[in-house]
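Here is a walk through one protein chain. Keep the structure open and follow along, stop by stop.

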Amino acid sequence: MSSDPWGRVDEQGNVFVKTADGERSVGSWQAGSPDEALAYFRRKYEGLVVEVELLERRVRTTDLAPKDAATAIEHLRAHIVDAHAVGDLDALVKRLDALGGVVDSRREERKQARAKAQEEAHAAKERIVTEAEQLAESTDWRQAGERLRALVDSWKAVPRLDRKTDDELWHRFSQARSHFAKRRKAHFAELDQQREGVRRTKERLVAEAEALSSSTDWNDTSARYRDLMRDWKAAGRAQRDVEEQLWQRFRAAQDVFFAARGEVYAERDSEQRENQQLKEQLLVEAEAILPVGDVKAARSALRSVNERWEGIGHVPRDARPKMEARLHAVERAIRDAEEELWRRTNPEARARAQATVDQLQASIDKLRTQGEKAKAAGNERKVREAEEAIAAREEWLAEARKALEEFSG
């Protein structure tokens with residue numbers, strides 16, 4: 001009989017392996033010596049060792065799914081338990097048990113990772129749905145619509161949740177998008193109605209503008225074109241292509257009118273510039289009257305200037321105020337000279353001035369008499385009062401005499 005620490009061969013050639021549960025027959029050997037029999041079955045064991053090592057390496061170094069790893073471990077365990085091999089089979093089973101622990105840990109890690117991924121996916125989809133529900137009430141149609149389309153792509157990029165939760169969130173998301181789409185459709189339908197109304201309004205404005213384009217009532221028609229432009233801006237915008245066509249017609253009608261008016265105004269401006277030159281010459285003539293010497297001659301000269309001035313016609317509007325101010329200045333100077341002459345030659349006024357002088361002189365003479373009497377009587381107070389009254393009236397008398405002298409000028 002031959003044996004080693006993990007097996008033996010009996011006298012009949014039966015081969016046994018030693019395990020923790022006792023000996024187990026793994027086969028028989030009749031072709032050679034017991035040592036050869038044990039060597040053969042030890043090679044069987046070494047093959048199992050290689051399989052265990054390969055599975056350990058595969059489990060520890062690859063992303064083998066825990067389920068597939070557990071299946072491979074159980075399959076190899078059964079193979080080892082019933083293996084026709086001689087060696088430390090229990091040690092191989094323990095190694096598989098340890099490897100099973102690794103698989104269990106990985107399974108738990110993956111479970112936690114899946115739970116975390118689901119939690120993150122749920123949070124991500126909740127954020128998407130919440131944003132979509134907020135955008136559903138937006139009136140920024142273009143930007144909100146683009147953002148909702150981007151959110152669909154974001155949704156697709158997030159892993160699926162459990163069916164119930166995923167369906168509930170998708171329902172909310174779909175409802176938000178549908179609500180926005182209905183609101184946008186209603187808005188643009190209303191906008192189309194408004195633009196149709198704008199089109200009809202602007203067609204009426206264009207028709208009137210075209211009818212006015214041949215008018216020669218320059219002022220009233222210009223004012224009406226300003227009103228039409230104001231109404232055009234207030235009307236809003238029609239559809240883009242219609243808006244452009246109507247605007248081209250509206251502008252063309254204005255251009256016809258204002259081009260014709262411009263030609264007339266250019267001719268009128270030329271005539272008014274010539275009138276300005278003529279009136280400038282008259283202003284030089286009028287200003288030469290000053291200063292006024294002979295009032296009557298000055299008035300006659302100004303009358304001649306005014307008659308020729310009225311016969312010339314209009315000058316450019318921007319030059320008119322300054323030119324008229326210069327002529328009015330001459331007019332005021334002559335009028336002031338006339339008033340001064342009248343004041344100096346008015347007999348009633350001269351009589352009033354002479355009466356004032358005579359009255360003041362009589363009052364002074366009376367006060368002097370009173371002062372002399374008071375002095376003779378030794379009444380100093382009355383003397384002082386008389387002197388003060390005389391002094392005041394002498395000042396008034398001097399002014400009155402100056403006024404009287406002006407009438408003799």
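Pro291 sits in the loop that links α7 (240-287) and α8 (295-312). The peptide bond between Leu290 and Pro291 is cis. Its omega is about -10°. Bear in mind that this is a predicted model.

Turn now to the cores. The largest nonpolar core has 27 residues. Which of them touch the most other members? They are Val15, Ile80 and Leu92. Four elements each supply at least two residues of this core: β3 (14-19), α1 (34-61), α2 (66-81) and α3. The biggest share comes from α1, which gives nine residues. A second core lies apart from this one. It holds 19 residues, including Ala121, Ala132, Leu151 and Phe173. One general tendency is worth recalling here: in soluble globular proteins, nonpolar side chains tend to be buried together.

Val15 deserves a closer look. Set aside its neighbours within four places in sequence. Val15 is then in contact with Arg8 and Val9. Val15 also touches a run of residues made up of Arg24, Ser25, Val26, Gly27, Ser28 and Trp29. Ala37, Leu38, Phe41 and Val86 complete the list of contacts for Val15.

Next comes a helix pair. Helix α3 covers residues 89-135, and helix α5 covers residues 163-212. They pack at an angle of about 20°, with their axes 8 Å apart. Angles under 35 degrees count as roughly parallel, so α3 is roughly parallel to α5. The crossing of α3 past α5 is left-handed. From α3, the contact draws on His122, Lys125, Glu126, Ile128, Val129, Thr130, Ala132, Glu133 and Leu135. From α5 come Thr165, Asp166, Leu169, Arg172, Phe173, Ala176 and Phe180. Sorted by class, the contact of α3 with α5 has eight nonpolar, three polar and five charged residues. Two of the names return from the second core: Ala132 and Phe173.

Asp90 also lies in α3. Is Asp90 buried, partly exposed or exposed? Its relative accessibility is 27%, so Asp90 counts as partly exposed. Beyond its neighbours within four places in sequence, Asp90 is in contact with Thr19 and Ala20. Lys185 is another matter. Asp90 and Lys185 are 95 residues apart in sequence. In space, their C-alpha atoms are 76 Å apart.

Follow α5 to its other partner here, helix α6 (residues 218-235). These two helices pack at an angle of about 165°, and their axes are 10 Å apart. Angles over 145 degrees count as roughly antiparallel, so α5 and α6 are roughly antiparallel to each other. As α5 passes α6, the crossing is left-handed. On the α5 side, the contact is made by Val198, Thr201, Lys202, Leu205, Val206, Glu208, Ala209 and Leu212. On the α6 side, the residues are Thr221, Arg224, Tyr225, Leu228, Asp231, Trp232 and Ala235. By class, the contact of α5 with α6 has nine nonpolar, two polar and four charged residues.

The last stop is Arg384, placed in helix α11 (residues 380-406). Arg384 has 47% relative accessibility, so it counts as partly exposed. Where does Gly371 lie relative to Arg384? The two residues are 13 apart along the chain, and their C-alpha atoms are separated by 8.0 Å.

Notes
Residues are numbered from 1 along each chain as its sequence is written. This is a predicted model: local features need pLDDT of at least 70, side-chain atom pairs count only at pLDDT 80 or more; totals for chains, interfaces and linings use all residues. Side-chain values use heavy atoms; hydrogens and water are left out. Axes are lines fitted to C-alpha atoms, for helices over the stretch in contact, and angles run from 0 to 180 degrees between N-to-C directions. Angles under 35 degrees count as roughly parallel, over 145 as roughly antiparallel, 65 to 115 as roughly perpendicular and the rest as oblique. A crossing is left-handed if the near helix is turned anticlockwise from the far one by less than a right angle, and right-handed if clockwise. Contact means heavy atoms within 4.5 Å. Ala, Val, Leu, Ile, Met, Phe, Trp, Tyr, Cys and Pro count as nonpolar, Asp, Glu, Lys and Arg as charged, and the others, Gly among them, as polar. Buried means under 20% relative accessible area, exposed over 50%, partly exposed in between (1.4 Å probe, protein chains only). A nonpolar core is a set of buried Ala, Val, Leu, Ile, Met, Phe, Trp, Tyr and Cys residues joined through side-chain atoms within 4.5 Å.
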